Amino acid sequence: MLKEHYLLEDYATVLDTVENLFNSTMKAVNMAENAEFSTKNDVLAEMNHSLETLMSLNRKKIDREVDEQAWTYVGSKTYV
């Protein structure tokens, strides 16, 4: 599933970021269970940072695929 959305070269970062997102989400669940929201802004910032990182890495894969398609198209043309 991850290989469909991220480059193999970025897997270590993706896995670390997903783990950070999971940990932040669990902090949010604990806050809800305890009705203790004093660190809400910190947890939201952590979650946002993780999501922004994942979005950036996904965009990197999309851009790479577009570049490869463009080069494939240019390479398939015969110029006289």
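This section describes the salt bridges, the first helix and a nonpolar surface patch of a predicted model.

In this predicted model, local features require a pLDDT of at least 70 and side-chain atom pairs are counted only at pLDDT 80 or more, whereas totals for chains, interfaces and linings use all residues. Residues are numbered from 1 along each chain as its sequence is written, and side-chain values rest on heavy atoms, with hydrogens and water left out.

Six salt bridges are present in the structure, a salt bridge being defined as a side-chain nitrogen of Lys or Arg within 4 Å of a carboxyl oxygen of Asp or Glu. Side chains of opposite charge can pair when their charged atoms come close. One of the six joins Lys 60 to Glu 9, with an N to O distance of 3.3 Å. Because Lys 60 belongs to helix H2 (residues 40-76) and Glu 9 to the segment before helix H1 (11-34), this pair ties together parts that are 51 residues apart in sequence; helices are taken as DSSP runs of H or I with at least four residues, numbered from the N terminus. Glu 9 also meets Arg 64 in a salt bridge, here at 3.2 Å from N to O. Since Arg 64 lies in helix H2 and Glu 9 in the segment before H1, the parts tied together by this pair are 55 residues apart in sequence.

Accessibility was classed by relative accessible area, with buried meaning under 20%, exposed over 50% and partly exposed in between (1.4 Å probe, protein chains only). On this scale Glu 9 is exposed at 52%, while its partners Lys 60, at 32%, and Arg 64, at 31%, are both partly exposed. A further salt bridge links Asp 63 and Arg 59, whose closest N and O atoms are 3.5 Å apart. Both residues lie in helix H2, four residues apart, or about one turn of the helix. Asp 63 is partly exposed at 36%, as is Arg 59 at 45%. Salt bridges with shared partners join Glu 9, Asp 10, Lys 60 and Arg 64 into one network.

Within that network, Asp 10 is located in the segment before H1 and is buried, with a relative accessible area of 8%. The side chains of Asp 10 and Lys 60 are joined by a polar contact of 3.1 Å, the term denoting a pair of N or O atoms within 3.5 Å of which, within protein, one must be able to donate a hydrogen and the other to accept it, residues adjacent in sequence counting only if both atoms are side-chain atoms. When neighbours within four places in sequence are set aside, Asp 10 is in contact (heavy atoms within 4.5 Å) with Leu 57 and Lys 60.

Helix H1 comprises 24 residues and reaches 34 Å from its first C-alpha to its last, close to the 34 Å expected at 1.5 Å a residue, where the expected span is 1.5 Å times one less than the number of residues. Val 14, Thr 17, Leu 21, Ser 24 and Met 31 are buried in H1. Phe 22, also placed in helix H1, is partly exposed at 49%. Just after H1, Ala 35 adopts a positive phi of about 50°.

Methods. Helix = DSSP H or I, 4+ residues; strand = E, 2+ residues; numbered from the N terminus.
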